[in-house]
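Me: I'm new to this one, so could you walk me through it a bit at a time? I'll ask, you answer.

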There are 2 protein chains.
Amino acid sequence: MSEKRLNQAIETLKESGVRITPQRHAVLEYLLNSMVHPTADEIYKALEGKFPNMSVATVYNNLKVLREVGLVRELTYGDSSSRFDCNTSDHYHTICNNCGKIVDFHYPPLNEVEALAEQVTGFDVSHHRLEVYGTCPDCQKVGTKKH
Amino acid sequence: MSEKRLNQAIETLKESGVRITPQRHAVLEYLLNSMVHPTADEIYKALEGKFPNMSVATVYNNLKVLREVGLVRELTYGDSSSRFDCNTSDHYHTICNNCGKIVDFHYPPLNEVEALAEQVTGFDVSHHRLEVYGTCPDCQKVGTKKH
DNA sequence: TATTTATTTATAATCTTTACAATTAGTTTA
DNA sequence: TAAACTAATTGTAAAGATTATAAATAAATA
Ligand SMILES: [Mn+2]
Ligand SMILES: [Mn+2]
Ligand SMILES: [Zn+2]
Ligand SMILES: [Zn+2]
């Protein structure tokens, strides 16, 4: 079933005139199969077995291309490095204060908030972001150490 | 009137056993008078006239202290550097896609979202963050260039 | 096949933030 | 007040993530 998403994504890339290189394909495939919102470095490390000569710059380049085409979203939190999400459907995130885990979380879009923000601030609103923080179930059980 | 907030903040620091140095006082005062959620570097540059020998490390050190005491909140967005907000009351932010301006924006806390996130994900929720993005009134008028 | 263009690679550079050790300043005690 | 103690500042180095650059390579086109 993940095959379908991959093929659709490749189709999108082709339509945008972007070449499907082995490295690009691998980054895309890894993201599609990943549920953990990985960092650029995590992707790099995960693929270095298959592509021993791949540069970390290639990962960044491809993430940028995928983002520009709309296949990938970049998530920027306080912690140093960006995370990448190929689930571009509308959804929010819950983040563990302890281990950093990021979990998808569906909720009806907060349109009223956007509308009110527009009224109050005079902004022409395009979108919003929301994250809920807390302790994940795993970290609740044990008194787990940080990270 | 800003005097009052400054004195209260200084009182909080004293109670925490933190020394009130001239540099610390200046950083705090600058933040209290600033409406623009400045970066560490902006604070550093703003104070270099008054403290020509101050190190940028001092700014970071003091921001850390002020944060730990609860007088300052750190805002982390996608753009490289953190921003600092000494308005610790509950409020959200609206951010301009074009010029990066950050505007306070009051709205009743989204408790229902937190409650549902708890139910759905099993997290023990502590807090959430929300930002609304769009084009600010100034940038709507003119076809202003980025940044 | 020859040519053109996009992509990759390797590496250097940039930028923000933190770490560290020495110096200075503030506080406490005698 | 002087001495002793502790916290804070300074200057600089180091870390870590990301971007820039130029040469090499691969893909696409003619
Ligand atoms: Mn997600
Ligand atoms: Mn604010
Ligand atoms: Zn956790
Ligand atoms: Zn603007």
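Me: Let's begin with the two protein copies. What share of the interface residues of chain A are also interface residues in chain B?
Reply: Keep in mind that we're looking at a predicted model. The copies meet through the same surface, so the interface residues of chain A turn up as interface residues in chain B too. The share is 100%.

Me: And what turn lays chain A on chain B?
Reply: Two copies of a chain are related by a rotation about an axis and a shift along it. Here the shift along the axis is 0.0 Å, and the RMSD after laying chain A on chain B is 0.1 Å. The turn is 180°. That's the relation of a two-fold axis.

Me: Which residue of chain A comes closest to the rotation axis?
Reply: Going by C-alpha positions, the distance to look for is 2.2 Å. The residue there is A:L130.

Me: Is B:R129 buried or exposed?
Reply: B:R129 sits in strand β5 of chain B, which covers residues 124-135. Leaving out residues up to four places away in sequence, it touches A:R129, A:L130, A:E131 and A:Y133 from chain A, plus B:T76 and B:Y77. Its side chain also has a polar contact of 2.9 Å with the side chain of B:E131. With a relative accessible area of 13%, B:R129 counts as buried.

Me: On to the metals. Which residues coordinate the manganese ion (ligand 1)?
Reply: The donor atoms are NE2 on the histidines and OD on the aspartates, at 2.1 to 2.3 Å. Along the sequence the donor residues follow the spacing H-x47-D-x5-H-x1-H-x10-D. The residues are A:H37, A:D85, A:H91, A:H93 and A:D104.

Me: Where do A:H93 and A:D104 sit in chain A?
Reply: This pair links distant parts of the chain, with their positions 11 residues apart in sequence. A:H93 is buried at 3% relative accessible area, whereas A:D104 is partly exposed at 28%. A:H93 is in strand β3 (residues 92-96), and A:D104 is in strand β4 (residues 102-105).

Me: What is the geometry at the zinc ion (ligand 4)?
Reply: The zinc ion is held by the SG atoms of B:C96, B:C99, B:C136 and B:C139, at 2.3 to 2.4 Å. Four donors count as tetrahedral if all angles lie between 85 and 135 degrees. The angles here run from 103 to 114°, so the site is tetrahedral.

Me: How are those zinc donors spaced in sequence, then?
Reply: Among these cysteines, B:C96 is buried, with a relative accessible area of 3%. B:C99 is partly exposed, at 27%. As for the spacing of the donor residues of the zinc ion (ligand 4), the pattern is C-x2-C-x36-C-x2-C.

Me: Now the DNA. Which element gives the largest share of the surface near DNA strand C?
Reply: There are 18 residues around DNA strand C, and A:T21, A:R24, A:T58, B:Y60 and B:S82 come nearest. The side chain of A:T21 has an N or O atom 2.5 Å from a phosphate oxygen of the strand, and a polar side-chain atom of A:T58 lies 2.8 Å from a phosphate oxygen. Two or more residues each come from α2 (22-33) and α4 of chain A and from α4 of chain B. The largest share, 4 residues, comes from α4(A).

Me: And which element gives the most to the surface near DNA strand D?
Reply: DNA strand D is surrounded by 18 residues, the closest being A:Y60, B:R19, B:T21, B:R24 and B:T58. Sugar and phosphate make up 78% of its atoms within 4 Å of the protein. At least two residues each come from α4 (56-69) of chain A and from α2 (22-33) and α4 (56-69) of chain B. The element that gives the most, with 4 residues, is α4(B).

Me: How far is a phosphate oxygen of DNA strand D from the side chain of B:R24?
Reply: For B:S55, a backbone N or O atom is 3.1 Å from a phosphate oxygen of DNA strand D. For B:N62, a side-chain N or O atom is 3.4 Å from one. For an N or O atom in the side chain of B:R24, the distance is 2.9 Å.

Methods:
Residues are numbered from 1 along each chain as its sequence is written. Chains are lettered from A and ligands numbered from 1 in the order in which they are written. This is a predicted model: local features need pLDDT of at least 70, side-chain atom pairs count only at pLDDT 80 or more; totals for chains, interfaces and linings use all residues. Side-chain values use heavy atoms; hydrogens and water are left out. Donors are N, O and S atoms within 2.8 Å of the metal (3.2 Å for Na, K and Ca); water is not among the atoms, so sites may look incomplete. Four donors count as tetrahedral if all angles lie between 85 and 135 degrees; four count as square planar and six as octahedral if opposite donors are over 155 degrees apart and all others between 65 and 115; anything else is irregular. Buried means under 20% relative accessible area, exposed over 50%, partly exposed in between (1.4 Å probe, protein chains only). Copies are superposed by least squares on the C-alpha atoms of residues with pLDDT of at least 70 in both. Contact means heavy atoms within 4.5 Å. A residue is near a molecule or strand if one of its heavy atoms lies within 4 Å of it. A polar contact is a pair of N or O atoms within 3.5 Å; within protein, one must be able to donate a hydrogen and the other to accept it, and residues adjacent in sequence count only if both atoms are side-chain atoms.
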